[in-house]
Amino acid sequence: MKMNDFEFTSESVAEGHPDKVSDQISDAIVDLFLTKDPTAKVAVETLTTTNRVVLAGEVRTNNGAVVTHDEMIQTARDVVKKIGYEQDGFHWEKMDVNCYVHGQSAEIAQGVEEGQGLFTEEGAGDQGIMFGYAADETPELMPATLVYSHQILQKMAALRHSGERPEFEPDAKSQVTLRYVDEKPVGVNAIVVSTQHKASATLEELRELVRPIVQGVLPEGWFPPEDKFYVNPTGKFVIGGPDGDAGLTGRKIIVDTYGGAAPHGGGAFSGKDPSKVDRSAAYATRYLAKNVVASGLAKRCTIQVSYAIGVSQPLSVYVDTHGTGLADEARIAKTLRDLFDLSPKGIRTHLKLNNPIYAGTAAYGHFGRAPGKDGTFTWEKTDLIDELKRLIN
């Protein structure tokens, strides 16, 4: 039996979290390649640890463009500098960067490049399932638990970068537990914020620095009881980032997506060019789910697609409106397929994904962000609303 009243929790991690440092470096290298060749194939993983960054993966350009190891190493340093790491154990200028990125095997292209293998159309680069989700509980059409978790850390980072709160260091985590009644958020049960900090800052000072940030993010009257407001509950947090814990690309996929409120196909996004359906089809399903909810056809919507390696069109498109839909789900699914070409090439073309737009996605979530005039977050547009209403009704 479905629960209408419940508690739910999501977490976020800051740009200085070691896994997010790795994600941002990998995506900055994706952008580096796409700047030189919009059709470049990139699969780059990053490891971060005490004063060391290791890059590995396979890449290919199709227009003769060359991206050197030195350029990738400098890109890694630039990302770490922008985040703000100038600590003894992790410093953008002093860290060792080892690059083991090499050319892509020619066999990988077989069957997935347009006009090769058994198919005349470009096929998916791998089998897999991808999910998209939207819910009307926030203006962003995202789970409120995740939105608030992201916003707390974004505001803390902004205050750190501006110099207004020098006590904060780059590594941080947040966690928000909300109370739901009739599947709508009505209040906060608990807030957890753990932030790396200057050694001179006391735990009491940090609690009072974090308090107004949380109050500014939550709706009025939602601040939790004092015994449910946790700031650095384990004590001091001076050693953090990659010096405190190793980081790897792709280890924060729930933070990147829907905070646990929706299924996940399992594939990470960062470090992958948009020909990889792990990334592009997850963006496409978010785009479609968001348009379904924005059009008023449902209050919640989950969409799943599946692909076979080398095959252009998805094997299945599944729509679940969780009992909130105003139209038959099979008809919504057919309408979405009519409106949107879900082949790898069709997704990239419609959402303009071959541009260098990925560095900004790698921290604070890939979804629920405002589309930018620079072509970022195109999958957050709601430009299918009128056609959905017309075709469904």
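This passage describes the confidence, aromatic pairs, polar contacts and backbone features of a predicted protein model.

The predicted model has a mean pLDDT of 94, and 95% of its residues reach 70 or more. One stretch deserves a little caution: over residues 115-119, pLDDT stays under 50. For these residues the model has 7 contacts beyond four places in sequence.

Aromatic side chains offer a good way into the fold, with 12 aromatic pairs counted in the model. In one of these, F6 and Y180 are stacked, because their ring centres lie 4.8 Å apart and their planes meet at 10°. F6 belongs to strand 1 (residues 6-13) and Y180 to strand 8 (residues 168-181), so this pair ties together parts that are 174 residues apart in sequence. The two partners can also be described by their accessibility. F6 is partly exposed, with a relative accessibility of 24%, whereas Y180 is buried, with a relative accessible area of 4%.

A further stacked pair is formed by Y283 and W379, whose ring centres are 3.8 Å apart and whose planes are at 15°. Here helix 7 (residues 277-294) supplies Y283, while W379 comes from the loop between helix 9 (344-351) and helix 10 (385-392), so the pair ties together parts that are 96 residues apart in sequence. Both Y283 and W379 are buried. These two residues also take part in an aromatic cluster, which they form together with Y133, Y258, F269, F367 and F377. Elsewhere, an aromatic ring meets a charged side chain: K81 lies over the face of W92, at 4.5 Å from the ring centre.

Turning to the cysteines, the model has 0 disulfides. C99 counts as buried because its relative accessibility is 11%, under the 20% cut-off. C301 is likewise buried, at 0% relative accessibility.

The surroundings of N189 bring several polar side chains into view. N189 sits in strand 9 (residues 184-197) and, at 18% relative accessibility, counts as buried because the limit is 20%. Its side chain makes a polar contact of 2.3 Å with the side chain of E7. A second polar contact, of 2.8 Å, links the side chain of N189 to that of R179. Beyond its neighbours within four places in sequence, N189 is in contact with both of these residues and also with T177, L178, P224, P225 and K228.

Helix 9 brings the description back to the neighbourhood of helix 7. The buried residues of helix 9 are P344, G346, I347, R348 and L351. These buried residues pack against helix 7 and strand 12 (300-307). Helix 9 is followed by K352, which is found in the loop between helix 9 and helix 10. K352 is exposed, with a relative accessible area of 52%.

The backbone of K352 is also worth a look. Most residues other than glycine have a negative phi. K352, which is not a glycine, nevertheless has a positive phi of about 55°. N51 is another residue other than glycine with a positive phi, near 45°. N51 is placed in the loop between strand 2 (41-49) and strand 3 (52-60).

Note on methods. Residues numbered from 1 in each chain as written. Predicted model: local features only at pLDDT ≥ 70, side-chain atom pairs only at ≥ 80, totals over all residues. Heavy atoms only, no water. pLDDT = per-residue confidence, 0-100. Contact = heavy atoms within 4.5 Å. Phe/Tyr/Trp six-rings, centres within 6.5 Å; stacked < 30°, edge-to-face > 60°. Helix = DSSP H or I, 4+ residues; strand = E, 2+ residues; numbered from the N terminus. Buried < 20%, exposed > 50% of the residue type's maximum accessible area, 1.4 Å probe, protein only. Lys NZ or Arg CZ within 6 Å of the ring centre and 35° of its normal. Disulfide = S-S within 2.5 Å. Polar contact = N/O pair within 3.5 Å; in protein donor to acceptor, adjacent residues only side chain to side chain.
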